[in-house]
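Here is a friendly walk through one protein model, with its main pocket as the starting point. Please have a look at the sequence and the structure first.

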Amino acid sequence: MTDRQKHLLTLGVLIVLVAVSIFMIMPVSKSTKLGLDLKGGLSIIYVAKDTPGAPVTDAKMQQAEFVLRQRVDALGVAEPEIQREGARNIMVQLPGIKDPAKARAILGKPAVLQFAIVQDQYFAMSESQLNQLKKEGKPVLGPVLLTGDKVSSAKATFGGQVAAAPEVNLTFDNQGTVKFGQITAQNVKKRLAIVLDGQIITAPTIDEPIPDGKAVINGIKSIDEAKNIALVLNTGAIPVTLDVLQMDQVGATLGADALHAGVIAGIVGFALVAVYMLLYYQGLGLVTWLGLSIYSTLVWGMIAAIGRYYGWTLTLPGIAGLIISIGMAADSKIIIFERLKEEMRDKKTFRTAVDSGFWHGFRTSLDADLVTIFAAIVLFLIGIGPIKGFALTLIIGLLMDIVLMLMFTRPILGLLAQIWPVKSPAFLVRLGRMRGAVENV
């Protein structure tokens, strides 16, 4: 196979890759998953704390992560991100959430449900009075007889009647049904308090034994509150105490502004690089234009593919990584073109200068790219959140730079040297001091 055939074959493979990238990018509006700093939303980092009798363990952290994930799924948030960070931290990111306050309240709710008998001396008091006395340390309740881990399902309803007060219907599992039946049978005509997260929600009087394993939480102000209670009971209690370590809320408008600014910065950066290359390198500047356009398409396609198959989202730091990689891709072209000019100053023909100058320039650019890639890999492995996004886009951009040098710059220069009637390098690069230094072809 001749060099010309090799160059054409390489460009053919590159065209296929560009076509695949375009396929991944389309439709443009849905191709890239945006992070909450670009789309708006809520980010919370929880830290688990040891409490007496409940130390933080890896198993409890896994369960806490599972419970948070279930609650987020129940909220109906699209493309959430919930992940462990270290031994005690859990990060929750909810892009595009419409009611951050509600989400924050539900996620942080411990959801500890308990059943206990109201002591006889407090029988006639209302729930609010019982809560006040409980807050003052009065022993208004007896020992806990049953907990929420025996609840198999919870459902918010209006009690089956029009204009009735909202309530939550509970159904116990087999073990809970037996236990609840025993409690109600042994405490007829007494009040059974249903306590959620230390607050007495309701304390109805037991009129008769309840053997069917069903209970009702009433005294709820609204159907939304009933739905929230049902949601946390269905997803279970968080087994450790979670405190909010960091919370960031980004409005949708601010996210859109940040995305707009990032896109503008990218376009301006690309345009400035292209204009500079055209003015300084003339014909080779056009090669750079085309190369950077292909480069941008490949990088975008790679980001869209990672987002589609691995759920990765593009954030503002990620855009910064892309802009830096565009500059480094242009820098690679400059190194190769300058090396090409040096070869021609040694009185080599354009074709000979391409063969030797490209590989000298490529090795220099490769060294620079690899050093940055190694540093970015370290950032990606030890970093969290936005730092990972910055490192990943930088790695993608630099890898695509290496691919582009081998699959576009090398074959296009090789073809120009062979099939273009280049009698003087002045057609492709600036003359100046090069004039007269090049031997005739």
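The largest pocket holds about 830 Å³ of space. A pocket here is an open set of points on a 1 Å grid over the protein atoms alone, where a 1.4 Å probe fits and protein lies on both sides within 12 Å along at least five of seven lines. Its volume is the space filled by probe spheres set on the points, which are joined across faces, edges and corners. Of its 30 lining residues, T32, V263, W300, L314 and L322 are the closest to the centre; a lining residue has an atom within 4 Å of a point. Helix 1 (3-25), helix 2 (28-31), helix 9 (252-281), helix 10 (283-310) and helix 11 (316-345) each give two or more residues to this lining. Helix 10 gives the most, with seven residues. Helices (H or I, at least four residues) and strands (E, at least two) are DSSP runs, numbered from the N terminus. By class, the lining has 17 nonpolar, nine polar and four charged residues; Ala, Val, Leu, Ile, Met, Phe, Trp, Tyr, Cys and Pro count as nonpolar, Asp, Glu, Lys and Arg as charged, and the others, Gly among them, as polar.

This is a predicted model, in which local features need pLDDT of at least 70 and side-chain atom pairs count only at pLDDT 80 or more, while totals for chains, interfaces and linings use all residues. Residues are numbered from 1 along each chain as its sequence is written, and side-chain values use heavy atoms, with hydrogens and water left out.

The chain averages a pLDDT (the predictor's confidence in each residue, from 0 to 100) of 80, and 90% of the residues score at least 70.

Helix 11 has 30 residues and should span 44 Å at 1.5 Å a residue, which agrees with its end C-alpha atoms being 44 Å apart; the expected span is 1.5 Å times one less than the number of residues.

Strand 8 (residues 192-196) and strand 9 (residues 199-202) pair in the antiparallel sense over three bridges, where pairing needs at least two DSSP bridges. L196 has Q199 in strand 9 as its bridge partner.

Three residues with positive phi are listed here.

| Residue | Phi | Place |
|---|---|---|
| K347 | about 70° | just after helix 11 |
| D197 | near 55° | hairpin of strand 8 and strand 9 |
| K189 | near 75° | loop between helix 7 (174-186) and strand 8 |

Finally, the peptide bond from M26 to P27 is cis, with omega near -15°, and P27 sits in the loop between helix 1 and helix 2.
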